[in-house]
Protein chains: 4
Amino acid sequence: MTATAAQTVPAAVATEPLQTVLRELPVPDIGPDEGLLRVEVAGVCGTDFQIYCRRSRGAHLGPLILGHENIGTVAAVGEAAAARWGVRVGDRVAVEEFIPCGVCRLCRSGHYRICAATDSRGGQPFLRYGSTPVDRAPGLWGGFSRLLYLHPNAVVYRLPDGLDADLAALFVPLANGIRWVVHEAGGTVGQSIVIQGPGQHGLGCVVAAKEAGMGPIIVSGLAADAQRLAVATRLGADHVVEADRSDLVARVTELPGGEGADVVVDTTPGATAPVTAAVAMAAKRGVVILAGSKHGQPIGDFPHDMVVRKEVMLRGVRGHDHRSVEPALAILTAGRYPLELMTTHRFGLDEVDRALRMVGERTDPDAIHVNVCPAASLHEDVVPA
Amino acid sequence: MTATAAQTVPAAVATEPLQTVLRELPVPDIGPDEGLLRVEVAGVCGTDFQIYCRRSRGAHLGPLILGHENIGTVAAVGEAAAARWGVRVGDRVAVEEFIPCGVCRLCRSGHYRICAATDSRGGQPFLRYGSTPVDRAPGLWGGFSRLLYLHPNAVVYRLPDGLDADLAALFVPLANGIRWVVHEAGGTVGQSIVIQGPGQHGLGCVVAAKEAGMGPIIVSGLAADAQRLAVATRLGADHVVEADRSDLVARVTELPGGEGADVVVDTTPGATAPVTAAVAMAAKRGVVILAGSKHGQPIGDFPHDMVVRKEVMLRGVRGHDHRSVEPALAILTAGRYPLELMTTHRFGLDEVDRALRMVGERTDPDAIHVNVCPAASLHEDVVPA
Amino acid sequence: MTATAAQTVPAAVATEPLQTVLRELPVPDIGPDEGLLRVEVAGVCGTDFQIYCRRSRGAHLGPLILGHENIGTVAAVGEAAAARWGVRVGDRVAVEEFIPCGVCRLCRSGHYRICAATDSRGGQPFLRYGSTPVDRAPGLWGGFSRLLYLHPNAVVYRLPDGLDADLAALFVPLANGIRWVVHEAGGTVGQSIVIQGPGQHGLGCVVAAKEAGMGPIIVSGLAADAQRLAVATRLGADHVVEADRSDLVARVTELPGGEGADVVVDTTPGATAPVTAAVAMAAKRGVVILAGSKHGQPIGDFPHDMVVRKEVMLRGVRGHDHRSVEPALAILTAGRYPLELMTTHRFGLDEVDRALRMVGERTDPDAIHVNVCPAASLHEDVVPA
Amino acid sequence: MTATAAQTVPAAVATEPLQTVLRELPVPDIGPDEGLLRVEVAGVCGTDFQIYCRRSRGAHLGPLILGHENIGTVAAVGEAAAARWGVRVGDRVAVEEFIPCGVCRLCRSGHYRICAATDSRGGQPFLRYGSTPVDRAPGLWGGFSRLLYLHPNAVVYRLPDGLDADLAALFVPLANGIRWVVHEAGGTVGQSIVIQGPGQHGLGCVVAAKEAGMGPIIVSGLAADAQRLAVATRLGADHVVEADRSDLVARVTELPGGEGADVVVDTTPGATAPVTAAVAMAAKRGVVILAGSKHGQPIGDFPHDMVVRKEVMLRGVRGHDHRSVEPALAILTAGRYPLELMTTHRFGLDEVDRALRMVGERTDPDAIHVNVCPAASLHEDVVPA
């Protein structure tokens, strides 16, 4: 159950802006409350790229292993941890990025994803997969590595037999979609929704909206997003709009009813105009979900009086939780949606930089969900027996 | 039960920007579904001043009688209307400003206050007390008049015996406070709240928060608001802050707990900085209520990523409803709060311009709730027998 | 626009227990606020049979025309009513059974379906389609008639072009299912549900649960319900259980997770054991919807301490509302479910007794939704021009 | 920081029905994740008496130390536990009875109080203060002891300086009242409430209702409860009713409005008639909170159809949580209510049987909150240094 300290595993360590270096890191000993994950697939997310650029929370962090959408098999697990997580060595699991304290007010209210112990705030140390420096023992805090350390407070889900690892890695965007669209916006049968941005999170929202019986489902993107918008249609979108070629707000308010959308979700990164458009498209008493990072930019023309006049509700959201991951895994298992269309690229550990640039710089505009597969290449496996 | 058409009543008609003219308007015949109110007190609100200046929705409207916080006695009422409203001639009543259609989706969902039939939208005609032109028959659509027409769809409350008319006129700010703080923000026992702006609406929020068991209750104003802040303290505020002399955000985040406020309400008119400050003061998962009009100005530095990072909820709100007016009237009747401190000025029909300027231009900074009392002066009463 | 008083229309008048008599009733004059519906389809519901037997609310009522699930075309409509309902002569519409006052606390809070004006209470008069005596002018208060009077407070929906009238008549069970399962129980993506009773309401709940992304969906009935359970499967049920041959509670608690159902809906009429079973099947914090009438019988062994121990929520529910009828009509129009399987029988006005007994006495156990089609037989049409 | 194993402390061990025996139990060594509480006050609750009688969950348990409303000072605490709980040796704290797992679906959703790890279910072992046998190491699982073991998963609150220990021991009934009345029933400004049973939980509900701005507040008891009802009045009840001398249902429905109560809470132990009365007193859409144990008896005449007709919601509830304990402690500290009237009796460890019988058999009908104060008598203190 415990590892030999002399062993090492390879990991892609982000050392300075826009660079990772393959390093051998020691395999830690595992106590009764801990475990190790043999990473099969680590999805790449826009947040990884922000940290990779050393922007936002990344600016304060030392060298670290990125990767927080982690799927793998249990390589080692202590007795107490095995009981707590309901897993054995060899089981395939998904691991949330959060490592919450478990006892604060937020944890005790179901909001462990924003517990201060697992959340960046002005340079103070915190624990979170893909955001914790390698100099914090035992170092293996990210999925772009052969092994991931499973902290006692990790949130671990045993996966159903037969669920493909690449598909499983979509649990993050899908659980996010469910929490944002269903749990936070209250999206339900018969409500209309506009989803701005057809990236992995926007597409997760499409599936969530479809599952929840919402309609019409309108997805907006840019002309460069043609392939992503085609996938949106395959997943259940009723209308797709290239917002740089067509007046999205007009399209939405021209729909039957003509009163605007019940729910608008903005998942676009960096752009501020979609927030203003979201308020313009929302119906009276409509809900606007703010889910995209604007990289610190303020919204320069926030239409306050329109928010008041229509009694719009805006809600900032981040990440998922137990309540949304469980149905996400059930949907991924059930196979009712062609979700495999979302996984467009797979890279080994030696191509982590290429994977990150593909997501952050859109070197391939058709890329949607890009996976790092650390076991797929390089060295022999050195997982403790 | 019906009036003699030859009779007239005096009313202050807002004819052009910043001007009202006393006119005699005919007393209408009343059908079985209608009524007439002998206005005792019509409170003056900042919205009246906006229309008086011909800004905002006022820009599109012809000559009209302002005044939408109306208390009076039933001067005439048709049989069907008497049954519907549960009133008789001589009963003292409060009348909401809304004249909703009663059958649209919003009306059928409890949101009649924003029903399109009673809501300004880009110059289209609508019915609403204090906002409907005199050329729309029967003309008596505002409280700055000896008589107010009671439309079949008016929302009328019979007042408890013994409730003073000036006190009763506070039902609007108090019901607004209850709806915004309690029903929309979900403010409840033990939650902290910051209320920005100590005008009539801010003070209504103080009472609502106190009733709901919230605390600490922090009220911010300017140095010029010293008297209003003193009233806030008398009504139950735990802390008052002159935000132009003291760092409000720091004060709030220094409070025990140090995590920001559960609820922040912005009632300030015209200023945009309080919205940004509200987001900064809100706790994780906190609620920001946007209740002040910014006279069409956008917020120039809306801190989007902070909204996302803290999962803040923002909600635009307007007005009150049945669920909030009823407890407001009960609180006004119970006498547990020194609410009479809020009524600072009373004017006759011939001083409507002075009353409006006092509210809109703050000619007396200590003014809080300013009342027009149409029956208090001028002509003899000509109400139909 | 107005009718000639001399004209009459045939209607099936329920005169004494278990008997209807065909009578010619005068066609009323229609004022500006009213209308007349040429009934195409009037669905038969278990409540109709209760009144037909003169049980429950029926005991207090005089002769009346039953039928409260009404679909038809507008035969006449006053000017104000046409504007309010957004309809013209010839439009096909659905009419809710409720005739609410529009101004009480319940109406103003979105609960018009239980407004006292439209709700039976101890023999006091009320207005409701299918429950109002013919001696209340103008008499035509039920759908088992060539014409139905449209009261000013009727709740009327213009139907989409091309929606079949028999299919449209399913709007009641489907809207009920949406309100009970989605709006009241909060059923949503990934939640499990048990639906007791595969009649029209149980099947409406199946569709609502499916639309809302719930699963597994388990439907229970008796061995005699084999055909209905087969339809449940066609509509999306994951499991069906003949509860008289199989231990339903054990089946539910044996499901993966093993913690009971998130939502249980009891739609069974008359039987009390399903209520006790519902509590036994509910998960901790589960919701039990009580939707079946027990014809006045108390539950003799209500498991109070189990409700407490599991913190179960029980909610009594009745009928639908605007928020549920709208998505019901959208689902009926979209054609994603083989809902036509639910309409099993159609009868003319001269066979109303047979239709009622089929529903109330289950003379054909395979019957699900039984329609009376008043225009399908008998006399010539006498609708006012 | 660790104790000498040779030391012992006295505890009242419940060995067989209706009997406790004073025993010396060894003081355990404390690891980094654990602590020891020097118990100052352990409140006695009706549940203690049920276990003491070996009824309900008590039937399955071996010898144990009762007492789950625990206030004391930290006698020893490991380093990790001190950081987690924010406490040091000597701090006064309150400890919830729950020892939840922290990782199950209920824990992750804010419902840790009903986590299976801390909840009785058919004889399976679980951890909970006052319900865990002494043969489960380290034995000190109840408050009727000089020392209480603080498990790593204990829910611990540092108390404000100056809060009296007897007063602090009211945190359980007060937090229960807040959760049941405010969080579960949604009780808020202007709503009416009937509270059945003026024991410690009923009185906790009175304070919660008063804080939340509810009114009128009606409390029912028996003639023998005269003293408790007098305390209810002192705490803010508007009306008290001796339900064995007066028709409670009639009194409630005669109140202004006449439509029944918005919220009814049944806290009565053992009696089933109050549940039926609660449904009868509830308004349409009213909420009935089921909070009293009926010792396994079913309700024999549960008025199902009245629940349906009025769309009543019933909710079983148990215990408190973080969200309710925090405001309870704030209310206890603020001193706005004469809560000291609730603490009627204090007993030493040698009188635990008398204390339990006073609560369970009402040997003194005026008793309300009865405290065991283990430090107040007997041996010298042997707490580890």
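Me: In this predicted model, which residue stands opposite D:Leu314 in E14(D)?

Reply: A strand can pair with a strand of another chain, and here C:Leu314 stands opposite D:Leu314 in E14(D). Around that point, strand E14 of chain C, residues 313-316, and E14(D) pair in the antiparallel sense over 3 bridges.

Me: How many residues of chain D are in contact with chain C, and how much area do the two chains bury between them?

Reply: An interface can be read first through its contacts and then through the area that is lost when the parts are put together. In this model 40 residues of chain D are in contact with 40 residues of chain C, and the two chains bury about 3300 Å² between them, with 51% of that area on carbon and sulfur atoms. On the side of chain D, the residues that lose the most area to chain C are D:Arg285, D:His304 and D:Glu311, which together account for 20% of what that side buries.

Me: How many salt bridges does the rule find across the interface of chain D and chain C, and what is the distance in the one between C:Glu311 and D:Arg179?

Reply: To call a pair a salt bridge, one looks for a side-chain nitrogen of Lys or Arg within 4 Å of a carboxyl oxygen of Asp or Glu. By that rule there are 10 salt bridges across the interface of chain D and chain C, and the side chains of C:Glu311 and D:Arg179 meet in a salt bridge at 2.4 Å, taken from N to O. The wider search for polar contacts finds 27 residue pairs across this interface, with both residues at pLDDT 80 or more.

Me: Which helices and strands of chain D each supply at least two residues of the side that touches chain C, and which gives the most?

Reply: On the side of chain D that touches chain C, at least two residues each come from helix H3 (105-108), helix H5 (171-184), strand E13 (282-290), helix H10 (304-309) and strand E14 (313-316). H10(D) gives the most to that side, with 5 residues. Sorted by class, the side of chain D that touches chain C has 15 nonpolar, 10 polar and 15 charged residues.

Me: What turn lays chain D on chain C, and what does such a turn tell me about the symmetry?

Reply: The idea is to superpose one copy on the other and to read off the rotation and the shift. Chain D can be laid on chain C by a turn of 180° and a shift of 0.0 Å along the axis, with an RMSD of 0.0 Å, and that is the relation of a two-fold axis. D:Gly300 comes closest to this rotation axis among the residues of chain D, its C-alpha being at 2.1 Å. Because 100% of the interface residues of chain D are also interface residues in chain C, the copies meet through the same surface.

Me: Where in chain A is A:Glu311, and is its phi positive or negative?

Reply: Most residues other than glycine have a negative phi, and most peptide bonds are trans. A:Glu311, in the loop between helix H10 (304-309) and strand E14 (313-316) of chain A, has a positive phi near 50°.

Me: Is the peptide bond from A:Gly215 to A:Pro216 cis or trans?

Reply: The bond from A:Gly215 to A:Pro216 is cis, with omega near -5°, and A:Pro216 is found in the loop between helix H6 (200-211) and strand E10 (217-221) of chain A. In chain B, a cis peptide bond joins B:Ala137 and B:Pro138, where omega is about 0°.

Methods:
Residues numbered from 1 in each chain as written. Chains lettered and ligands numbered in written order. Predicted model: local features only at pLDDT ≥ 70, side-chain atom pairs only at ≥ 80, totals over all residues. Heavy atoms only, no water. Contact = heavy atoms within 4.5 Å. Buried area = accessible area lost by both parts, 1.4 Å probe. Polar contact = N/O pair within 3.5 Å; in protein donor to acceptor, adjacent residues only side chain to side chain. Helix = DSSP H or I, 4+ residues; strand = E, 2+ residues; numbered from the N terminus. Nonpolar A, V, L, I, M, F, W, Y, C, P; charged D, E, K, R; others polar. Pairing = 2+ DSSP bridges. Least-squares fit on C-alpha atoms with pLDDT ≥ 70 in both.
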